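Hi everyone, thanks for coming. I'd like to walk you through a model, with the sequence and structure up on the screen, so let me bring it up.

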Amino acid sequence: MLIYVSARGQVPASGDGLPVVSDAPPAAADVTVTVSYSPLVYAQPAPPAGVETIPGAVGWLGPRELTALARNPEIDQEIRRGIQWALRAIGLLRYRREFRFHPRSGQELEFGAGGIAGRAPGADTQTVYPRLDPAVIGMVHHPLKEEVLLARNRLRPGYFSLIAGYVDVGESLEHAFEREAWEETGRRLHKITYWGSQPWPASGSLMVGFSATAAHPEPDPAAATDEELAEIRWVGRDQLLSLPLAAPGSIAHTMMMEWYARGTRR
């Protein structure tokens, strides 16, 4: 089976809005990667002629749409497996496109069977595998009221989202989330608990979600922030849907909607 991936990191979509997984074997191509070994599923760059040349395809699906599909509880197991293959195909083709040289020797990488493990010429070079960059994101709850802390990033000021950032060297996931909240909002956290995770193959990251409670109820930060955020706001459920929010399919949107739904079921 074969999945095509466009230069923009999208896979072909069927008329039903699902990823197209072709029964065809891989064609001759500069890059072919193995997405699954049981059954055998390959990924290749999409043909330059366009989506209309791919049987069964009418458009494209990106990681955000695929992730939203994967979170739909009504999707059956076979379709869910195809979605996971598509997400993996996007990530592996991005890796092959961006990681071409060995980080120690600078020599061009050579890829063997599967197209994933890369080595440079010579017996002593370290094998290079796809890299994942862990990131944390989380919902900070008010200690006294049914409100959560939302923010607008200065680089993406058009919508509100959750506190997030990349994990630093030597940090645990929990410590990374605690540090990001302190640096960005000036608030200490406690009761940090794991929520869930979401792969983001478009950038090679893995988003790990947490829930926590702010240690103090004051509206103002307890310390100066790094000014990464343009606005920080406590938001109740009655305000949430009136704000521009992170797009559906993102882990931030899923976490916010889950919190909103818990309150409406009471």
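What percentage of the 266 residues of the chain count as buried? The answer is 45%. Before I go further, please keep in mind that this is a predicted model.

Let me start with the overall picture. The chain's secondary structure comes to five helices and 13 strands. Along its principal axes, the C-alpha trace spans about 60 × 50 × 30 Å. If you take the contacts in the chain with a separation of 6 or more, 62% of them are between residues 24 or more positions apart.

Now let's turn to a sheet. This one is open, has three strands in the order 1-4-3, and its pairing is mixed. The edges are strand 1, residues 2–5, and strand 3, residues 33–37, and each of these pairs on one side only. From one strand to the next, the twist averages 25 degrees.

A quick reminder on what pairing involves: strands of a sheet pair through backbone hydrogen bonds, and they can do so in a parallel or an antiparallel way. Here is how that plays out in our sheet. Strand 1 pairs with strand 4, residues 40–45, in the parallel sense, over four bridges. If you want to find that pairing on the screen, look for L2, whose bridge partner in strand 4 is Y42, and then for I3, which stands opposite A43. On the other side, strand 3 and strand 4 run antiparallel and are joined by four bridges. There, Y37 is the residue opposite L40 of strand 4.

Strand 3 and strand 4 are also linked by a hairpin, through two residues. Have a look at that loop, where P39 sits. The peptide bond between S38 and P39 is cis, with omega at about 0 degrees. In general, most peptide bonds are trans.

So how is this sheet placed in the rest of the model? Let's take strand 1. Both of its faces are covered, with L2 and Y4 buried on one side and I3 and V5 buried on the other. As for strand 3, four of its five residues are buried, so this strand is largely enclosed by the rest of the structure.

One residue of strand 3 that I'd like you to click on is T34. Is T34 buried or exposed? T34 has 5% relative accessibility, and because the cut-off for buried is under 20%, T34 counts as buried. Leaving out residues up to four places away in sequence, T34 touches L40, V41, Y42, R88, L92, G114 and I116.

On to the helices. Helix 2 lies across strand 1, strand 3 and strand 4, and runs at about 150 degrees to strand 3. Helix 2, residues 77–98, also packs with helix 1, residues 63–70. Two packed helices are described by the angle between their axes and the distance between those axes. For this pair the angle is about 155 degrees, and the axes are 10 Å apart. Angles over 145 degrees count as roughly antiparallel, and helix 1 and helix 2 are therefore roughly antiparallel to each other. Their crossing is left-handed.

Which residues make the contact? From helix 1 we have P63, L66, T67, L69 and A70, and from helix 2 we have R80, I83, A86, L87 and I90. Sorted by class, that contact has eight nonpolar residues, one polar and one charged.

Last, two backbone details to look at. Most residues other than glycine have a negative phi. K191, though, has a positive phi, near 55 degrees. K191 belongs to strand 11, residues 189–200, and is exposed, with a relative accessible area of 61%. E227 also has a positive phi, near 65 degrees. You'll find E227 in the loop between strand 12, residues 205–214, and strand 13, residues 229–236. At 56% relative accessibility, E227 counts as exposed.

To recap the main stops: we saw a three-stranded open sheet in the order 1-4-3, a cis peptide bond between S38 and P39, and a left-handed crossing of helix 1 and helix 2. Thanks for listening, and I'm happy to go back to any part of the model with you.

Terms used. Residues are numbered from 1 along each chain as its sequence is written. This is a predicted model: local features need pLDDT of at least 70, side-chain atom pairs count only at pLDDT 80 or more; totals for chains, interfaces and linings use all residues. Side-chain values use heavy atoms; hydrogens and water are left out. Axes are lines fitted to C-alpha atoms, for helices over the stretch in contact, and angles run from 0 to 180 degrees between N-to-C directions. Angles under 35 degrees count as roughly parallel, over 145 as roughly antiparallel, 65 to 115 as roughly perpendicular and the rest as oblique. A crossing is left-handed if the near helix is turned anticlockwise from the far one by less than a right angle, and right-handed if clockwise. Contact means heavy atoms within 4.5 Å. Ala, Val, Leu, Ile, Met, Phe, Trp, Tyr, Cys and Pro count as nonpolar, Asp, Glu, Lys and Arg as charged, and the others, Gly among them, as polar. Two strands pair if DSSP finds at least two bridges between them. Buried means under 20% relative accessible area, exposed over 50%, partly exposed in between (1.4 Å probe, protein chains only).
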